[in-house]
Amino acid sequence: MSATAEDAFIAAVKPLVDAMGGEMVPPDEAGTDDVVLSWEGAAAVAVRLPQLADSLDHILAALERRKGMPLADLDRKAKQEIVRSLEARGAFAVRHGVETVASALGVSRFTVYNYLNREKST
């Protein structure tokens with residue numbers, strides 16, 4: 001594979017790796033839990049996946065960037081939408097997920113549970 005093709009492949013997958021909070025490393029530095037991506041029959045890059053708890057922090061930081069303000073400054077409706085979105089992504093399956101989200105939203109755990117229950121009752 002040419003260096004140009006490999007560079008183009010790596011550039012193409014970088015936004016996905018960044019979005020999930022992963023890290024790209026050279027294939028020869030791949031660990032047993034890393035995912036080696038091949039292009040045109042040759043290993044091009046290895047992706048080191050984040051720990052689940054780190055993924056939640058990464059998702060929350062990305063949401064803040066997307067909203068352009070701290071999540072705690074959002075109105076109630078926006079916070080409820082965030083909780084709904086995070087639930088769909090499995091955020092609350094992570095240990096201390098509710099506490100982490102509550103802290104980011106500037107609300108109590110009880111409020112996050114209310115948002116979750118409200119969604120299930122409608």
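**Warm-up on a predicted chain**

A compact globule of 122 residues would come out near 14 Å in radius of gyration, but this chain has 18 Å. Keep in mind that the model is predicted.

**Exercise 1.** Work out what spans the C-alpha trace has along its principal axes, and how much of the chain is buried.

*Solution.* Start with the spans: the C-alpha trace covers about 55 × 30 × 25 Å along the principal axes. Next, burial: 30% of the 122 residues count as buried, with the cut-off set at under 20% relative accessible area.

**Exercise 2.** List the elements from the N terminus on, then find the strand order in the sheet and say which strands stand at its edges.

*Solution.* First, count: there are 5 helices and 3 strands. Walking from the N terminus, you get α-β-β-β-α-α-α-α. The 3 strands make an open sheet in the order 1-3-2, paired antiparallel. Strand 1 (23-25) and strand 2 (35-39) are the edges: each has a single partner strand, so one side of each has no neighbour in the sheet. From one strand to the next, the twist averages 35°. Now zoom in on one pairing: strand 2 and strand 3 (residues 42-48) run antiparallel to each other, joined over 5 bridges.

**Exercise 3.** Place Val-35: which strand holds it, which residue stands opposite, and is it buried, partly exposed or exposed?

*Solution.* Val-35 sits in strand 2, and its opposite number in strand 3 is Val-47. For exposure, take its relative accessible area of 36%. Partly exposed lies between the 20% and 50% cut-offs, so Val-35 is partly exposed. Finally, look at the surface: Val-35 joins Leu-16, Met-20 and Leu-49 in a nonpolar patch of about 340 Å².

Terms used. Residues numbered from 1 in each chain as written. Predicted model: local features only at pLDDT ≥ 70, side-chain atom pairs only at ≥ 80, totals over all residues. Heavy atoms only, no water. Pairing = 2+ DSSP bridges. Helix = DSSP H or I, 4+ residues; strand = E, 2+ residues; numbered from the N terminus. Axes fitted to C-alpha atoms, helices over the stretch in contact; angles between N-to-C directions. Patch = residues over 30% accessible without salt bridge, like charges linked within 9 Å, V, L, I, M, F, W, Y side chains within 5 Å. Areas by Shrake-Rupley, 256 points an atom, 1.4 Å probe, with all protein chains shown as cover. Salt bridge = Lys/Arg side-chain N within 4 Å of Asp/Glu carboxyl O. Buried < 20%, exposed > 50% of the residue type's maximum accessible area, 1.4 Å probe, protein only. Rg over C-alpha atoms; globule rule 2.2 N^0.38 Å.
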